[in-house]
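Me: Please take a close look at one part of this predicted model. I am interested in the patch of positive charge on the surface.

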Amino acid sequence: MSTKKDIRTLTIEELKLFFVEKGQKPFRAKQVYEWLWKKSAHSFDEMTSLSKDTREILDQHFAINAVVIDNFQVSSDRTIKDAFRLHDGNIVEGVLIPHAERMTACISSQVGCSLTCKFCATGRLTRLRNLDAAEIYDQVVLIKKQAEEKYNAPLTNIVYMGMGEPLLNYKAVLESIEKITASSPNGLAMAPKRITVSTAGIAKMIKKLGDDNVKFNLALSLHAANDEKRNKLMPINEQNSLEALAEALNYFYERTSNRVTLEYIVFKDFNDSIQDAQELVDFYWRVPSKVNIIEYNPIDGGEFQQTTEQRLNSFVEHLQKNNVIVNVRRSRGKDIDAACGQLANKNDQGMIQRKLKAL
Ligand code: SF4
């Protein structure tokens, strides 16, 4: 593992300063930035528009901590789950979800997760560290390439719904989005409206998103619209009650004019009754929002089950009768544990993390 500073943590201004200090022309910084962000170079040798001397100077002072695909699995529905290896050997997972009309990348923001949502496989792993902006960005670049090479289609959407709670890695997540949306040559020039950050619900940070006037979409993993049930499902709710979340989401809406998506996984005999649906209706009318109903994917040793088709339909009908804007999302990639809540590094590294958690 290199102890040199990762060059991608530098701003273009800092890079210009570096070149001036080394007696080189500051415009080199622009060229290097283009190699790093637009062309995703993983070594200084690839930067062929630079002289050999310049490349050597860069190599003496900096590293490029690039993320690589350690392995991947393809589901029968064509969903691809990637295990990404970070420069320190940690593994995180990401997913490419192909649809007829869109290609979505689901990416991770932390190694493991410090929250302990009961339905989520990642929640059983210790949070080992946050990813930096470049590591998040690399996942997008690698999945984008996969979409182009395997499905001959451009990447159209990005969701921060993989491993980790994005709002607990706020700075890096926002920096990564800045790069993803930056116009060429500094980024991928994707529209912020194509990006969704999904949170388990940290009221203070939702308000901060409003203050920062972000342009991307926000989703709240709600999953229960009464505090007692939500506390059981997502312990983070004990410090971030539905009342506090509703207030934060209204604050966010006032500043961004952006409707939040309420994600609701339906669990058998836990949150799938008509009363649960009515509580969701009540919460929906408190917050400018729309609802995504998500089919549950049981995890190994998990306490929840998938609800029946009949109960799911009655639940959705109740929402529709009450004029809720609702989409039903069928799960993808179930056979390879790539579906929502299933990312848990079922490989050696994941085993290490699970053991750490047990200590
Ligand atoms: S659902 Fe998200 S926030 Fe909750 S444990 Fe899983 S990864 Fe963490």
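Reply: The patch comes first below, then the loop that holds one of its members, then some other features of the chain.

The model is predicted, with a mean pLDDT of 90 over the protein chain and 91% of the residues at 70 or above. One stretch, residues 347-359, falls below 50 in pLDDT. In the model this stretch still has 28 contacts beyond near neighbours in sequence. Where pLDDT is low, predicted coordinates should not be read in detail.

The patch on the surface is formed by Lys 193, Lys 215, Arg 259, Lys 290 and Arg 329. A residue can belong to such a patch only if it makes no salt bridge, so these five positive side chains stand apart from the salt bridges of the structure, which number 18.

Lys 215 sits in the loop that runs between α6 (203-211) and β11 (217-221). The loop between α6 and β11 also holds Asn 213. Asn 213 is not a glycine, yet its phi is positive, at about 50 degrees. Ala 189, likewise not a glycine, has a positive phi of about 55 degrees. Ala 189 lies in the loop between α5 (170-181) and β10 (195-199).

For a charged side chain that does have a partner, take Arg 8, which forms a salt bridge with Asp 138 at 2.7 Å, N to O. This pair joins distant parts of the chain, 130 residues apart. Asp 138 belongs to helix α4 (residues 133-151), while Arg 8 is in the loop between β1 (5-6) and α1 (12-21).

Technical notes. Residues are numbered from 1 along each chain as its sequence is written. This is a predicted model: local features need pLDDT of at least 70, side-chain atom pairs count only at pLDDT 80 or more; totals for chains, interfaces and linings use all residues. Side-chain values use heavy atoms; hydrogens and water are left out. Patches are made of residues with over 30% relative accessible area and no salt bridge: like charges are joined within 9 Å, nonpolar side chains (Val, Leu, Ile, Met, Phe, Trp, Tyr) within 5 Å. Accessible areas come from the Shrake-Rupley method with a 1.4 Å probe; for residues, only the protein chains shown count as cover. A salt bridge is a side-chain nitrogen of Lys or Arg within 4 Å of a carboxyl oxygen of Asp or Glu. Lys and Arg count as positive and Asp and Glu as negative; His and the chain ends are not counted. The place of a charge is taken as NZ of Lys, CZ of Arg, CG of Asp or CD of Glu. Helices (H or I, at least four residues) and strands (E, at least two) are DSSP runs, numbered from the N terminus. pLDDT is the predictor's confidence in each residue, from 0 to 100. Contact means heavy atoms within 4.5 Å.
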